[in-house]
Amino acid sequence: MELKSQELRRLAPELDPLRIGTGWKPEDLGKPQIMIESTFGDSHPGSGHLDRLVEEARQGIAEAGGYGARYFCTDICDGESQGHDGINFSLASREMIANMIEIHANATPFDGAVYIASCDKGLPASLMGMARVDAPAVLVTGGTMSAGPELLTLEQLGMYHARYERGEIDKSRLDWAKQNACPGCGACSFIGTASTMQVMAEALGLALPGSALLPAASPDLLEYARRAGRQAVWLARQPNMRPSDIVTLHSFENAILVHAAISGSTNCLLHLPAIAHEYGIEIDGDTFDRLHRGAHYLLDLRPAGRWPAEFFYYAGGVPAIMEEIRQHLHLDAMTVTGKTLGENLDELRKNGFYGRCAQWLDEANRKYGLALAREDIIRPFEKPIGAGGSIAVLKGNLAPEGAVIKHTACPREMFRAVLTARPFDSEEECLDAVLHHRVRKGDAVLIRYEGPKGSGMPEMFYTSEAISSDAELGRSIALITDGRFSGASTGPVVGHCSPEAASGGPIALVEEGDLIELDVEKRLLAIVGVKGERKTPEEIDAILAERRRAWKPRPAKYPRGALRLFSELAASPMKGAYLDYDSRR
């Protein structure tokens, strides 16, 4: 089998001298050529250490007889973007990174790739780019940071900030939290979007078994990066081992079942459909809802559980979760090892993987003064934390295409309620009302025009934290938005309401005093009354039709640049908010 790089060397005589000028030796030019694409940069802790993994992967490529070339497209940090308009660029950055991966790989010849990323948008972007390029490849995840003192983790900062704003703690305590929440590199140490997507990469079969969400400081992570380099060369020499040969609908169903077991971030409902779209596979919110129903939720990690994310690996990581739900998985799904998922799991049981994890758990127990067993972190299938999955997709006349709630992080009191609408046209207005007690028990707080077409689909993190950290509001109101939430968000929050307000979705038509019915068990989100008075469905339909005739679209928030492009082309939130080029037809 002739390598693509060697064919293109004959077509482009400038290629050899230009690569020699970059540092390649003449003898390197005939080797399998592997692109190492990472999100390394000084942008945030999740990417600041990836250069070390790049070099390990490069060494592994060399050991296998290939040559590794380093490419970079730094991602941004949702945490650093919070509280200002920077967060509006977050979801759009996923598309731009995927575009750059496509450009890097297709502008010059490579036979395979190693993708290295850690965080919220860089990781799904890498998975999207991997699909577009469709060259033999392995993904390396950048791991998780350690917890700080008192097992402090970053998602608690929103709670500390809200308590400070309400005068419940002083500035010195807030400063202590700020200075200790991120003690090192890696993704934030809870099951947020970054951690969830690291797990999804392995669950899809695109990362090496047992490699997802290791502690970033672990020597095991360096070894996985080196092994990934060797594996990429092996894959490049095999026929029919491209990502499109590996990934099927069954791969995505496996990933969604793992998502249910770990109570993964709701942002996964944006990312997995967008990744699947690159393979020509259609999954949506209904796919998640179907697979989550009856699924066992097993992982006792923050934000819904007790422990920081570093404990995931100590308990056996993705393989341990998969063993617990093994009977529900497609074990014949292919993976980047060249073996099936079932074969990988069997091999891990035999090669000492779980014994090594147990040693790390013993060390962590000594470090933190704990006495945790594996079952305290990953529950046995027969003794789950919950048996109804972790998310639900709600539908009704307020969200005809759906809206998502992470019910494992929602108080039971809010599983069924009829609430009074308090609509706001931006998060800033809503947050101010929440912090200054202008929102009261029994309200349905709606934040609209924050979807992909409205403002880029930012997170409503500070508002959700202000509500969930309030002893009364956190159990008596709901926050509903066409925007999204941080993977760290907890409380009665419903996101991705579709169609979004900027597209004329029903959320744009809600008025002060409307009655909103929320029923998690029935998967219902609906407008059921006006000015505090119940109406029949037919009456509501007529009222909404009248309001729609009076509604006018808003001018584009961003007149130019990346967000103008994103707002014009973004698909519905419940479809993944990918760039839908067919929408212009």
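**Two pockets and a run of paired strands**

In this predicted model, the second largest pocket holds about 410 Å³ of space. Its lining is made up of 20 residues, and those closest to the centre of this pocket are Pro-303, Ser-468, Ser-469, Thr-490 and Gly-491. Sorted by class, the lining of the second largest pocket comprises 9 nonpolar, 6 polar and 5 charged residues.

The largest pocket comes next. Its volume is about 560 Å³, and 34 residues line it. Nearest the centre of the largest pocket lie Cys-77, Asp-78, Gly-79, Leu-154 and Cys-188. Several helices contribute to this lining: at least two residues each come from helix 4 (78–81), helix 7 (157–165), helix 9 (193–203) and helix 21 (461–468). In terms of class, the lining of the largest pocket divides into 16 nonpolar, 12 polar and 6 charged residues.

Turning from pockets to strands, a good place to start is strand 7, which spans residues 416–424. Strand 7 pairs with strand 11 (residues 515–519) in the antiparallel sense, over 5 bridges. Within this pairing, Arg-416 is found opposite Asp-519 of strand 11. Strand 7 also pairs with strand 8 (residues 443–447), here in the parallel sense and over 5 bridges. For Ala-421, the bridge partner in strand 8 is Ala-444. Strand 7 is thus paired with strand 11 in the antiparallel sense and with strand 8 in the parallel sense.

Note on methods: Residues numbered from 1 in each chain as written. Predicted model: local features only at pLDDT ≥ 70, side-chain atom pairs only at ≥ 80, totals over all residues. Heavy atoms only, no water. 1 Å grid on protein atoms, 1.4 Å probe; cavity = no way out; pocket = protein on both sides within 12 Å on 5 of 7 lines; lining within 4 Å. Points joined across faces, edges and corners; volume = space filled by probe spheres on them. Helix = DSSP H or I, 4+ residues; strand = E, 2+ residues; numbered from the N terminus. Nonpolar A, V, L, I, M, F, W, Y, C, P; charged D, E, K, R; others polar. Pairing = 2+ DSSP bridges.
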